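Here is a short walk through one predicted model, starting with how far to trust it. Have the sequence and the coordinates open as you read.

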Amino acid sequence: MQQTWFEKKIQKCLRKGKNNKYWKPLMMVELICLIFLQRLFRTIMQSQKKIIGIGTCVLVFFVSSSFAMPVLEKNSEVQAEQVVETVSNIEWEEVNLEDLVEYSYEGDADSYTVDEILAKSASYQNASAGVNSGEQTVFSIKDWNLILVNKQHPIPEEYTFTLGTITGTMKCDERIIPELLEMLQGAKNEGINLIVRSPYRDLSRQEFLFDRKLSTYMRQGYSYLESYRLASQIVMIPGASEHQLGLALDITSDTYSGLQQGFGKTTAGKWMADHSYEYGFIVRYPSHKEAITGVEYEPWHFRYVGKAAAKEIWERNICLEEFVDSLSE
């Protein structure tokens, strides 16, 4: 994954502080300013006030820069030496960049553990138990749970559904919540504590995530078309994201919270790959189907299709595109 501007600047500060002890106090000040700016920029961008956000970040950057390189008076050498001596004992070699900067993938900031979800959703689970438990024997491309959404098939304008609350601010299509809770409990019974993140997203949120990734590639020197192609392999094009359907969720665990391909090798990732179909969910973007889905392997991205369809997809080792194509033949 390519580093952002903030990450490069922070690493540069760490290297300077490590190689020259007299730079340590100045680099400490600049490091704090950079972390503050990174968090402020993220908060502002998430609120979608882009123009105001950029202006604010530029203003704060110039103000903080004036303090980052103070001009010492002739009689302040002793004070400067005292400052250097005070910070000279800092173990810069032990500084972990990931402890200073909170990394996030392309998902949302909110996430909830299995205990938080099950505790707050107990009443919903009891009231909705068995809603989708009937065995489905005939499939149709018109079934709400089998709607195909990708780069070639955007969300139909007339598509509607009712949002249900998983817990807190986290929502999804209310029809999948009973099976979601059932799956979380099933994993917990096996000693696996799952974490749910990035369920339903509206169009504006998806636009922000895609534009951010697009801008990242363009800053690296790629053309607009090439940046668009690369970005669409990681963040789905607005209007074509399953998160906008309320049928997809990003799921990790308490031992591996990153939205990275390494999750597929963890105990939780393997359990989800082998058992999520029992609850109506599939790994939407398998590692061996990139040429068909057009999306890189995402072992954390799960899509609800219903228990019967999920079982057939899992047994046939196919992706949703192939399953839907077989229905239209």
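Average pLDDT (the predictor's confidence in each residue, from 0 to 100) is 77 for this protein, and 63% of the residues score at least 70. Because this is a predicted model, local features need pLDDT of at least 70 and side-chain atom pairs count only at pLDDT 80 or more, while totals for chains, interfaces and linings use all residues. As for bookkeeping, residues are numbered from 1 along each chain as its sequence is written, and side-chain values use heavy atoms, with hydrogens and water left out.

Two stretches deserve caution. Residues 66-107 stay under 50 in pLDDT, and the model gives them 58 contacts (heavy atoms within 4.5 Å) beyond four places in sequence. Residues 125-131 also stay under 50, with three such contacts. Where pLDDT is low, the predicted coordinates should not be read in detail.

On to the helices. Helices here are DSSP runs of H or I with at least four residues, strands are runs of E with at least two, and both are numbered from the N terminus. Take α8, residues 177-189: at 1.5 Å times one less than its number of residues, its 13 residues should span 18 Å, and the end C-alpha atoms are indeed 18 Å apart. Buried means under 20% relative accessible area, exposed over 50%, and partly exposed in between (1.4 Å probe, protein chains only). By that yardstick, the buried residues of α8 include I177, P178, L180, L181 and M183, and E179 is buried too. After α8 comes G191, with a positive phi near 80 degrees.

Two residues that are not glycines also have positive phi:

| Residue | Phi | Loop | Relative accessibility |
|---|---|---|---|
| S198 | about 50 degrees | between β4 (194-197) and α9 (203-219) | 0%, buried |
| N317 | about 55 degrees | between α13 (307-316) and α14 (320-328) | 47%, partly exposed |

How do α9 and α10 cross? Their axes (lines fitted to C-alpha atoms over the stretch in contact, with angles from 0 to 180 degrees between N-to-C directions) come within 8 Å and cross at roughly 130 degrees, α10 being residues 224-232. That makes α9 and α10 oblique to each other, since angles under 35 degrees count as roughly parallel, over 145 as roughly antiparallel, 65 to 115 as roughly perpendicular and the rest as oblique. From α9, the contact uses F210, K213, L214, Y217 and M218, and from α10 it uses Y224, S227, Y228, L230, A231 and S232.
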